[in-house]
Structures are given as C-alpha cells and as structure tokens.
Amino acid sequence: MFLQAKGVTHYFGGLCAVSDFNLNLKPNELIGIIGPNGAGKTTIFNLITGVYKATKGSITIDGIELVGKTPNQITGLGIARTFQNIRLFKDLTVLDNVRIANYSQSKYNPIEALFHTGRYDGEERRIANHAMDLLAVFKLQDYADEASKNLPYGLQRRLEIARALATHPKILLLDEPAAGMNPNEIGQLMEFIGWIRKEFGLTVILIEHQMRLVMGICERIKVLDFGATLAEGLPVEIQNNPKVMEAYLGEGGDL
Amino acid sequence: MSKESSDNGNWKNWLSRQWAKIVTNRKLLPVLLVIGLLLSFAIPQFGLLNQYIVLILIYVGINIILSTSLNLVNGYMGEFSVGHAGFMAVGAYISAILTTKIIPDSLAPWLFPLVVFAGGTGAALIGLMVAIPSFKTRGDYLAIVTLAFLMIVKSLIENIEVIGGPRGIPGITRLTTLPWTFIWVVIAVWVIRNFVYSKFGRGVLSIREDEIASDLMSVNSRQVKMLTFVISSFFAGVAGALFAHILQFISPRVFDIIKSTDILIMVYLGGIGSIAGSILGALIFTILLEVLRPLGMWRMVLMPLVLVVLMIYRPRGIMGLREFRWFVPGYDLIATNLWRKKKEAKDVSTS
Ligand SMILES: Nc1ncnc2c1ncn2[C@@H]1O[C@H](COP(=O)(O)OP(=O)(O)O)[C@@H](O)[C@H]1O
Ligand SMILES: [Mg+2]
C-alpha cells in the first residue's frame, strides 16, 4: 500500500472537522477531493503533512506511520504540498524559495557551512543549478532574482508548485490550485498538472471546490461534506450521485 | 538657480557612481582587510591616534560583534531575544577568571585568543541550554525566556563569592588590543556571513517569513533555530571576553538589561537582516554615545526615544533586509547568470 488513511478523525475543540476519513492511494494515481467550503478538505492535507495531529486514526506511507511525525520529517518521506492561500516566502527571491525547499537535499553540515568549505561550494552549485533547471521547467527562470511577492498571481501559484517539487516528492498535494484563475487559465493549469505528473512520476491529490474542474483529469473522486465522506468513485458516478447534488445545491449549485 | 541644482545633481550622481564602483569591486575587499590589519598594528605602535580614539575604535569593534550576532536571532530569524548581555557576561566571566586566577600573567597575552575562544564556547553551551526549552514549541516565548535567563545569570554571579559576588572581578589585565579586536571582528563577520549564505541561513530566513511553510518545505526549523541561537551566543561570549579585557573590571551590574537594550538599538538602528546594517548600527551608536556623553543621564532618555522614532518611521532600520555586495559570496551574486550562460552554450551546441 502506498498512502493509506484509516479512520482519520480530527476535532477543533468541539468541532468535528474530519470524521472517519479513509484513503487508499496507489502509485501514480491522480485523485480529487471535492466538497463545499468548510467541508474539511484543507484539514485533511494538514493532517497528512503533520501540521495538525489527527485526534484519531492512522495515516501511513509505505507502512510508515505519519501521525506524530513533524512536517519536515513527513516532507522527507516524499510528501509535498501547496497552499490554498499562497504561502510563498514573500520577501525572498524566487530562486531562494526553491533553494529553501532543497534543504534536506543539500548534503553539508553546519561546520562546513560556517567555513564555506569545498563541499559547501560544490553543493551550493548543484543546488542553484537544480533550482534553476526546475524554474525553467515552470518558465520562471527569468524571475529568479525577483522577490517572489512581485510575481503576478498566476506565476506565484506556479512557483508554489515548483517549490513543492524541489523537495523531491513522490506525492504532491495541491490545495485549490485553480483558485482565483479565469476559465482559460484553469484549462491550462489542469493540462499542466497532468503533464508534471507524468514528467516527475508523481501521485497527486487535488483539492477543488468547484466540481467540474476535477471531472476532466481525476481518475477517482472523493466528496466531503461537514467532515464526512459523502461519496467516492469515478467522475461519472459522482456527477450522477443524488447526495452529492444535494450537498452542492445547498451551496448555490456551484457544480 | 536651476543650473546650480543640476550641477549639484551631477555631482551627486558622480559621487554615487564612484561609490557603486568601489562597493561592487570585490577584489578591493582583501586589500582593505590587509590594510586594516596593518593599520590596527600601526596605530597603537606609532601612536597615530590618541588613546581615547583607539579606545572608541575598540568599542566599535566589540559592538559590531554584538550587533551582528544579535541580528542573527532578532533580525534574520525574526525572534526577539533580550538575553545578549547575559551571554556576554558568561564570556566575560569565563575569560576573566582564566586570566586573573588560572593562567600565569606571563602567558596570558599569548593565550589570549584561546581565552576569548573559551569565553565564546562557554556562552555557546549556555546558549544551547537556553535554546532547548525555548524552541521546543512554536511560539513567542524567547523574549520571556531570555529575560528570565538574564536575571538568573545576574543573581547567580552576585551570589558566587569566589568570583567576587556583587563586587565583581577587578584588576583584569588590558589584553584587548586594536589588532585582536580587528581580527575577532573579521572572524565574527565572516563566519556569520557564511552562515547566512548557506542552507541553514536560508532556513533562518524562511522561518522568519513563514515557519509552517518552512517546515513543510523540509527545513528542520527546530535544528536551524538552535544552531542560530548557539552561534549568536558564541559571538556574544567572544565580545564579552574582549569587553572584560578592555574595561579591566567586570561586575554583574555591567551586564544588565540596559546593556541588552543598547545592542537591540544597534540592531534595529542599522537594520534587521543585514550585516552591513549591523556594522553601521554599531558604528553610529558607539559614536553617538560618546558625543552625547556630556548629557549624562539624559542620554538614557534620548537613546530609547531614538529607537521609538526609528521603529515608527523606518521599522526595518537603515539597511533593513538589504545587503552590501561585499558581504554576499561571489557565487551567490552570479549563480543565475552562470546558469543562463551555460544553458545558452548548451542550446547552441545542440542546435
Ligand atoms: N485551525 C483551526 N481552528 C479551528 N477550526 C478550524 C481550523 N481550521 C479549520 N477549521 C474549521 O474546520 C472546518 C474545515 O475547514 P477546512 O478544512 O479549511 O475546510 P475546506 O478546506 O474544505 O474549505 C471548518 O469548519 C473550519 O472553520
Ligand atoms: Mg480549504
């Protein structure tokens, strides 16, 4: 089993944000998690990546328990993510944003850093080149020395994905990557996600608030509502599920 | 009138161009370092400057070490430590005990670098002890923990009679010379610069920007914070050791919260997250303190006021988050251009 969640439940005080969430992710899958605002989607990412510790249940990758591990340990096991509200290191350059995500890939110790030894030099060169190569994949190489806050919104979203990939993940978690984009940009983004998935051999979980966006590219979809899993299946099955229709109609029919 | 102002503009332009030429010329840096070292020997040797000025220069040097090292924690990392005077005290006492009680007077000048190093190491170890509980959890406990630490150090020293208790240690030999100060400033600035421009330094910056995102991007934030705090404490200890051997008399009162506040003023005046800023802050502060000496107690009122005004009008300080190119490693300046050139060459060869 690859990424597995069993009976994951999380409370914020008295509020049950996620209840009895189960997941069996196979390598190279692309699955979607959809649901109205406040359904608990982002909380699931926060539980997987160790930002919050699940109240109950277990999450494992290749059999290794993740609940109780720190976020940086979990990232080290091959899980990377982006954020619903972009969380770049705003005052730092585009290049530094990506280089920071290379932290655990840079093989030199504090002493070598303090005295800028030969190994430091070699590693710094490797990291900078690797980061630039990655930026080039995302067509961001010309912005390398720019502070990341000065990038237009769409490019900031792309940079966040590039930064996540710099940690060398096996699994990429994307939290509403299309938020704030126009239909044209969304179309391109969805194609792009399919492409990086192949290019980097990734398994992807995609959170989306609007259902129709994920229908095209996801192989499997989970629907959440008030923390509970409402439905699960192929896109066509989800589309025709009356319970899902109902949950979304309550939201104003944003299908 | 208008001609005059444009002349003025030209003159200013010319000056700024010359300035840019100087500061971007990195080959000048080693030359300046050698000249500085020679001068630091020559000035006291041939009495080129009077004793008073030499003393001020030494204080400037010690303050540069203090502000640069505190900037690591308060500027680059964005935490708030008020304990720097406490680490200074540790370095000062360890070194003073070594030179007054343990090492024979005849050997002391030769062993002085080791004595200073020992002061720094002691402060670093204590720094580690403070860092472990402080950075266990995410949150802003550091100000409180370091305040408590400062008080504990002071009352501990006051209550240990063998090291003079509240009376302190008098009669310390004046071993801090201009050359030694210069050398330690260069070491401190170089090592801290190296740290800042490494994966650990970038980790520190990312923690200031967004600690959770930093952790999620594989940065071991706890390790990075402890490392930063220990390095910062080490150099506070070094500065303390140099300070003890120029003041020639130390007591717990020397290392109180006012001393910590002075260092905070230098950091925020010069600019957070900038080595050039820390140097500038230390320089301006030390000179201002001397110029304002006739004001006596009013100085204590004026200095905090300066800080308040600065926080309102220039919250990041003079150099805030900007760096002088001299302090940036050469490769960091050209990394992206090198990559572009290499890529162009490759594209040409493949097409
Ligand atoms: N840190 C938190 N503290 C308290 N409640 C929270 C916190 N984070 C999320 N919640 C609550 O948990 C529920 C699920 O939130 P979230 O996972 O962000 O939903 P979604 O991403 O599906 O829109 C919401 O009711 C939200 O208000
Ligand atoms: Mg959300």
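**Notebook: loops, salt bridges, a patch and a ligand**

I began with Gln248(B), which sits in the loop that joins α10 and α11 of chain B. The model I am reading is a predicted one. I looked up the backbone of Gln248(B) and found phi near 70°, a positive value in a residue other than glycine. I then checked its cover: Gln248(B) is partly exposed, because its relative accessible area is 32% and the partly exposed class runs between 20% and 50%.

**Entry: a second positive phi**

I turned next to Ser218(B), located in the loop between α9 and α10 of chain B. Its phi is positive as well, about 80°, although Ser218(B) is not a glycine. Is Ser218(B) buried or exposed? I noted a relative accessible area of 4%, so Ser218(B) is buried.

**Entry: the helices on either side of that loop**

I looked for a link between α9 and α10 of chain B. Glu211(B) forms a salt bridge with Lys225(B), and their closest N and O atoms are 3.2 Å apart. Glu211(B) belongs to helix α9 (residues 211-216) and Lys225(B) to helix α10 (residues 221-247), so this pair ties together parts of chain B that are 14 residues apart in sequence. I recorded both Glu211(B) and Lys225(B) as buried.

**Entry: helix α8 of chain B**

I asked how many residues of helix α8 (residues 199-209) of chain B are buried. The count is 9 of the 11, so the helix is largely enclosed by the rest of the structure. The buried residues are Lys199(B), Phe200(B), Gly201(B), Arg202(B), Gly203(B), Val204(B), Leu205(B), Ser206(B) and Ile207(B).

I followed Arg202(B) further. Which residue does Arg202(B) form a salt bridge with? The partner is Glu124(A), with the closest N and O atoms 3.0 Å apart. This pair crosses between chains, running from helix α8 of chain B to helix α5 (residues 118-137) of chain A. Arg202(B) and Glu124(A) are both buried. I also found these two residues in a network of salt bridges that links Asp96(A), Arg99(A), Glu124(A), Arg202(B) and Asp332(B). For the wider setting, I noted that a search of the whole structure finds 20 salt bridges over all chains.

**Entry: a salt bridge within chain A**

I looked up Arg220(A) and Glu232(A), which form a salt bridge with their closest N and O atoms 3.1 Å apart. The pair links distant parts of the chain: Arg220(A) is in strand β9 (residues 220-225) and Glu232(A) in strand β10 (residues 228-233) of chain A, 12 residues apart. I then compared the cover of the two partners. Arg220(A) counts as buried because its relative accessibility is 18%, and the limit for buried is under 20%. Glu232(A), with a relative accessible area of 43%, is partly exposed.

**Entry: a nonpolar patch on chain B**

I searched the surface of chain B. Leu147(B), Met151(B), Ile257(B), Ile258(B), Leu295(B), Met297(B), Trp298(B), Met300(B), Val301(B), Leu302(B) and Leu305(B) form a nonpolar patch there, with about 1100 Å² of accessible area together. I noted that α6 (142-159), α11 (257-270) and α13 (298-313) of chain B each supply at least two of its residues. Which helix gives the largest share of the patch? That helix is α13(B), with 5 residues.

I took one patch residue by itself. Ile257(B) is found in helix α11 of chain B, and it is partly exposed, with a relative accessible area of 40%.

**Entry: the shell around ligand 1**

I listed the residues around ligand 1: Phe12(A), Leu15(A), Ala17(A), Pro36(A), Asn37(A), Gly38(A), Ala39(A), Gly40(A), Lys41(A), Thr42(A), Thr43(A) and Tyr52(A). I sorted this shell into 6 nonpolar, 5 polar and 1 charged. β2 (15-25) and α1 (41-48) of chain A each supply at least two residues of the shell, and α1(A) gives the largest share, 3 residues.

I then looked at polar atoms. Polar backbone atoms of Ala39(A) and Gly40(A) each lie by an oxygen atom of ligand 1, at 3.1 Å for Ala39(A) and at 2.9 Å for Gly40(A). In Tyr52(A) a polar side-chain atom is 2.9 Å from a nitrogen atom of ligand 1. My last figure here concerns cover: ligand 1 taken alone exposes 570 Å², and the protein buries 63% of that.

Technical notes. Residues are numbered from 1 along each chain as its sequence is written. Chains are lettered from A and ligands numbered from 1 in the order in which they are written. Side-chain values use heavy atoms; hydrogens and water are left out. Patches are made of residues with over 30% relative accessible area and no salt bridge: like charges are joined within 9 Å, nonpolar side chains (Val, Leu, Ile, Met, Phe, Trp, Tyr) within 5 Å. Accessible areas come from the Shrake-Rupley method with a 1.4 Å probe; for residues, only the protein chains shown count as cover. A salt bridge is a side-chain nitrogen of Lys or Arg within 4 Å of a carboxyl oxygen of Asp or Glu. Helices (H or I, at least four residues) and strands (E, at least two) are DSSP runs, numbered from the N terminus. Buried means under 20% relative accessible area, exposed over 50%, partly exposed in between (1.4 Å probe, protein chains only). A residue is near a molecule or strand if one of its heavy atoms lies within 4 Å of it. A polar contact is a pair of N or O atoms within 3.5 Å; within protein, one must be able to donate a hydrogen and the other to accept it, and residues adjacent in sequence count only if both atoms are side-chain atoms. Ala, Val, Leu, Ile, Met, Phe, Trp, Tyr, Cys and Pro count as nonpolar, Asp, Glu, Lys and Arg as charged, and the others, Gly among them, as polar.
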